[in-house]
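Here are some short questions and answers for a first look at a predicted model. Keep the structure in view as you read.

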Amino acid sequence: MGFQALIIACSLIVGLTPVWAKRVVTVQGGPLVRTEGSHATIWCNVTGYREGVEQDFEWSMYLPSAPDREIRIVSTAQPNYAYAIFAQRVNAKEIWVERLSGDSALLHIAKLEARDQGLFECYTPNTDGQFLGSYSARTNLTVIPDTLSVSSAAQTLSKVEGETLQLTCEVSRSTSQHTHLAVGWYLRPADDPADTAPRDIVTLSRDFVLRPGSPYRQRLSSGDLRLDKTGANTYRLTIYKLQPADQGAFYCEASEWIQDPDKSWYAISRKQSDKTSVRVQPTDRDFSIQVTTERRAYTAGEPLELRCTIEAQRVPERFFSVSWVFSSSPVAVVGPDAVPTLGAGYAEREALGQLTVRKESANVHLLKLQRLLAADAGKYICRVTEREKTLTGDFIDRSKRSRNVQISVTELQSNITASLSSNSTFDEGDPIILTCSVQNIWGSLSVSWQLIPPPSTTSTPTTEGEESSSSPASEPVELASVGRDGTVRLGPTYLERGSYGEVRATRERLDTYTLALYNAYPSDAGQYRCTVTEWIRTGPEPNSTWQSLGDKMAAKNITVKSVESSFFVSASSRTPSVTFGDSFDLQCIVKPRHNPSVPATVTWRFQPANARSAPRDIVTFTRAGTLRWGEKPPGLGTRTTVDRSETNTNFRLSVTRAGRKEAGTYHCAATLYRRNYDGTWAEVANRTSNLLGISVLQPVSKLRVQRTNQSVQVLEDSRVRLNCSVAAQTAPDSQLAVLWYARRARTAELEPPAAAPALPEGPSPGGLEPSTGVAGVINGVNGVNGVANGVGVGVGDPDELLLRIERSGAFEYGAYAEEERLRSRLQAERPSPRQHSLTLHRTETSDSATYYCLVEEWMTDPDGAWYRVAREASGFTHLLVKRPEARLQVEEAETNVTVPETGSIRLGCSIPTQSSRDSRFSVSWYVIRPDDAASLTSAATSTDHECVFSIGHDAVFGNGNCSPAEPPGGPESRLQFERTTSDLYTLTLQRARPGDAGGYYCHVEEWLLNPRGAWYRLATNNSDVTIVNIQQKASSLQSVVCSNDSLFYFVFFYPFPIFGILLIAVLLVRYRSRSHSKSQEGKNGAPLLWIKEPHLSYSPTCLDPPALSLHPGSVE
């Protein structure tokens, strides 16, 4: 029933509500792929709303990194709708909404950014009063990089009407999306306004369809316009038969297209290339001719070149014939096919290579006569004929001729010139090469080489003090000659030397001759002459003869520098001092520059430091380029390397990981050799360099030990830890030896002195003996009294060695450790490589001293030997070992006791405070007799009073600090001793006698066991005095009077005025009689007490003293 009622209610509501269509919001389907920087649009439509109400649109987006967070972009209803990330772009009108109609809008993003990628949502607020349908729609926008690239070389071209224009354009892309390219060429005429659309030439669409622009449709059909894809990214535009209307700026435009999900194509990128400016010049059919030559006057035998240049437009596309005419006689005709036709008499000269007719370019023709004859003088003309085809198919010839060119040819004579080129100065052993160049050659040449040695110089003084040289001229020496046919003949003086190939004369070319003297000697200096003779064959063949036309000579003075004069050897080093393990380089500079013909042998020599022997050879660079090692090279040859420069002027000796063996004096010696032409060697000179002293030092010590002074006070039998910390060391692989020392205090209490200074650093091959050298080093550093003066040590007192820990870890105890029995109580540790500690167990008072450590740093030299780099002392630890503080206190419970005769006197001794829980006590009771009245209220020294009872700290009776008068333990002993607790002692005196009256106190001695097992007394203390009175059985007059107060006052006060004198007399008599009685008791009184030694069960290992108890009968 309830469900049916709900259905009926819903039906009634629906029946009463106006019926509208369901609202539907649609957005452009995605995903949409657009390029970064491009203009993107997304449309949004809404349907199914109440008619007549304009709809608003609100755009938002969701980033891929935060798909649930809405970022508002722009709204048609709210001006400040955008979030901060888009607010600036919205305010700058880079993002806006274009309303297409009341229910349709278009979102514009002027310039896409990479961060714009995400999910875009179009939302339309409700305007119907109720919600029915969808109010938003979403689409995905993907932003990819713009990889489209369009390039074309910007240039300016000048063309003539009818020529061909070719332009190329490079178009590429590297997107991962499936896109199509469209490439087009456009022309912007030069005379068109800037706002005029460019002229479309031809476009290759995205479907690979060629579409020409309307002005070029006919030309594309006729083949005068082409767009070819010549490569993967290259597009070429070709325009045949250019027209004046084609003038302007050409550029290439490419667009990249992608297909959206709705099957529509969208241009995601569009770019243009640089522009090429083309100027088209209208054609002109006229042409002109010009003949050029270098000069008009020539000599027989010289070459003649005549060039005929045609000046016209579009010459390659026209047909020209060129005719050469000499003095009205045809020489040659060159047709449009560039094939020459020679005239009579010139074909033979062309066959001999004396005539050349050719077409150098489309508009230049050449006529060349290799050797002019006298008959070649005259007028030369170039005639050009153009053949053109008319519209009717006929050919029309148009001809033009050039002006006459008059050429004059004089008779033949030698005009050759000769020049000799070479360096002026050569080093000994270098090759001397001279080049003789000849110009203006007509005939054949022969060359003769001569040498004029330098004259011997004699000096004669002049009037001005200068010297003038004069000597007879030297005769020329024939070196070599080269004939007309190239035959070489050496002079008689140089035949033997030339047989070894050291003298050569050659003809490199027709105009170039060379003379080479290899391995120059100082005797090769002088003036060299090159004499050139020109020859010509005269007369008819075969009886023609050679005729000399003339000769020319060129000379050159050559100086050969002897290597011995400039031979120099020097040695240098940048590191005269190095440390162990370092490297050093030694340079040996040999001058002049190396010459294979004059090589040098270089030897490195070494003399060890402090050695008197002669230097020994380390290594030798032979003249053949090999190495020869000496007998004993430094470092056994394993750490020595050598090399030399390419020019053999720098010989380097390198020593790595230097040690003591490499310290000494180095120098290099060089020997210069000359190689004779017959292959033998001759020694020229010897040179020795300067000495180089190399010092190999120990590395600078970086050892640093912490020097913190401290004072330590401990009780005996404690444990003390001494630390020795190394803050820095010279090398990570160095090893440390640690020596522990103690300095005993003798004249003063231990006080912290200043920190110990660093010990001197220096080599010590054998190390430092602790027993002999440490005190000397310490005292030497700190002055006469040394550091010990700060702690009260006498002058010159040596420090005692406790323990030496070698670098290998071995232990060695000092004599002091043996004497003081420290060996069993010392414990050395190394918690870390740089941390050392020494622990002193079971300290004694004799251990009070100043302790420090001495650290020695050891390293190995490159030869493997150990050496000490440095040593440094740590700070001082001032140790004071004390005994426990004496805190012994003794108390007595009662201070005044009256005991009847034959009663028991109980004396207590309580120890409320003791110095140590391990203390043992020696307890004694003393009695002060009544006759010593001054001592009844305080205990004096025990030696002044009578000893009653004593028990030692070892629980032995009578073994205390006194001997009792009555020996305990006898059958008649009246003493009973009890120890109920560890700190409460009780002594009971039974069967009291009148003579037992007096002042009693206990004397306690506190004993401790030292670490060596010996007992020592730490403290003593006495209790307060307890006064004991003995009440006798028989009453005397004094006791009666004194015991009754009424009687006492009656006797002594009331009748005082009467009986004063009598009472004083009686008292004096009574007092004397009592003193006499007491003295008799001291002599013949009761027997002294004696305490028997009870049976004790006592173990020395017990921590608490045994409980002692004396029972009645044990003391009599």
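Q: Which residues form one aromatic cluster with Trp925 and Phe949?
A: This is a predicted model, and the cluster is computed from it. Trp925 and Phe949 belong to one aromatic cluster. The other members named with them are Phe977 and Tyr985.

Q: Is the ring pair of Trp925 and Phe949 stacked, edge-to-face or tilted?
A: The ring centres of Trp925 and Phe949 are 6.1 Å apart. Planes under 30 degrees apart count as stacked and over 60 as edge-to-face. The planes of Trp925 and Phe949 stand at 45°, so the pair is tilted.

Q: How many residues apart in sequence are the parts tied together by Trp925 and Phe949?
A: Trp925 lies in strand 69 (residues 920-928). Phe949 lies in strand 70 (residues 946-951). The pair therefore ties together parts that are 24 residues apart in sequence.

Q: Are Trp925 and Phe949 buried or exposed?
A: Buried means under 20% relative accessible area, and exposed means over 50%. Trp925 falls in the first class, and so does Phe949: buried.

Q: How many aromatic pairs does the count come to?
A: Rings pair if their centres lie within 6.5 Å. By this rule the count of aromatic pairs comes to 14.

Q: What kind of aromatic pair do Tyr852 and Phe876 form?
A: Their ring centres lie 5.3 Å apart. The angle between the planes is 80°. Planes over 60 degrees apart get their own class. Tyr852 and Phe876 are thus, by the 80° between their planes, edge-to-face.

Q: Where does Phe876 lie, given that Tyr852 is in strand 63 (residues 849-860)?
A: The pair links distant parts of the chain, 24 residues apart. Tyr852 is on a strand, while Phe876 is in a loop. That loop runs between strand 64 (866-873) and strand 65 (877-882).

Q: What is the relative accessible area of Tyr852, and what is that of Phe876?
A: Tyr852 is buried, with a relative accessible area of 1%. Phe876 is buried too, and its relative accessible area is 1%.

Q: How many disulfides does a search of the whole structure find?
A: A disulfide is a covalent bond between the sulfur atoms of two cysteines. One of those found joins Cys44 to Cys122, at 2.0 Å from S to S. The number of disulfides from the search of the whole structure is 7.

Q: How many residues apart are Cys44 and Cys122?
A: Cys44 sits in strand 3 (residues 40-47). Cys122 sits in strand 8 (residues 118-123). The pair links distant parts of the chain, and its separation is 78 residues.

Q: What is the handedness of the disulfide of Cys169 and Cys252?
A: The sulfur atoms of Cys169 and Cys252 are 2.4 Å apart. The torsion about their S-S bond is about -75°. The disulfide is therefore left-handed.

Q: Which strands hold Cys169 and Cys252?
A: Cys169 is buried at 0% relative accessibility. Cys252 is also buried, at 0%. The pair ties together parts 83 residues apart in sequence, because the two lie in strand 12 (residues 165-172) and strand 18 (residues 248-259).

Q: What is the torsion about the S-S bond of Cys436 and Cys530?
A: A disulfide joins Cys436 to Cys530, with 2.1 Å from S to S. Cys436 is in strand 34 (residues 432-439), and Cys530 is in strand 42 (residues 526-538). The disulfide is left-handed, because its torsion is about -85°.

Q: Why do the buried residues of helix 2 line one face?
A: Phe86, Arg89 and Val90 are buried in helix 2 (residues 84-91). On the other side, Ala84, Gln88 and Asn91 are exposed. Seen down the axis, the buried residues line one face because they fall within an arc of 100°.

Q: Which strands are included in what covers the buried residues of helix 2?
A: The buried residues are Phe86, Arg89 and Val90. Their cover includes strand 4 (58-63), strand 5 (66-75), strand 6 (95-101) and strand 7 (104-109).

Q: Which residue lies over the face of Tyr62?
A: A charge sits over a ring if it is within 6 Å of the ring centre and within 35 degrees of the ring normal. Lys275 lies this way over Tyr251, at 4.9 Å from the ring centre. Over Tyr62, at 4.4 Å from the ring centre, lies Arg138.

Terms used. Residues numbered from 1 in each chain as written. Predicted model: local features only at pLDDT ≥ 70, side-chain atom pairs only at ≥ 80, totals over all residues. Heavy atoms only, no water. Disulfide = S-S within 2.5 Å. Helix = DSSP H or I, 4+ residues; strand = E, 2+ residues; numbered from the N terminus. Buried < 20%, exposed > 50% of the residue type's maximum accessible area, 1.4 Å probe, protein only. Arc of directions from axis to C-beta. Contact = heavy atoms within 4.5 Å. Phe/Tyr/Trp six-rings, centres within 6.5 Å; stacked < 30°, edge-to-face > 60°.
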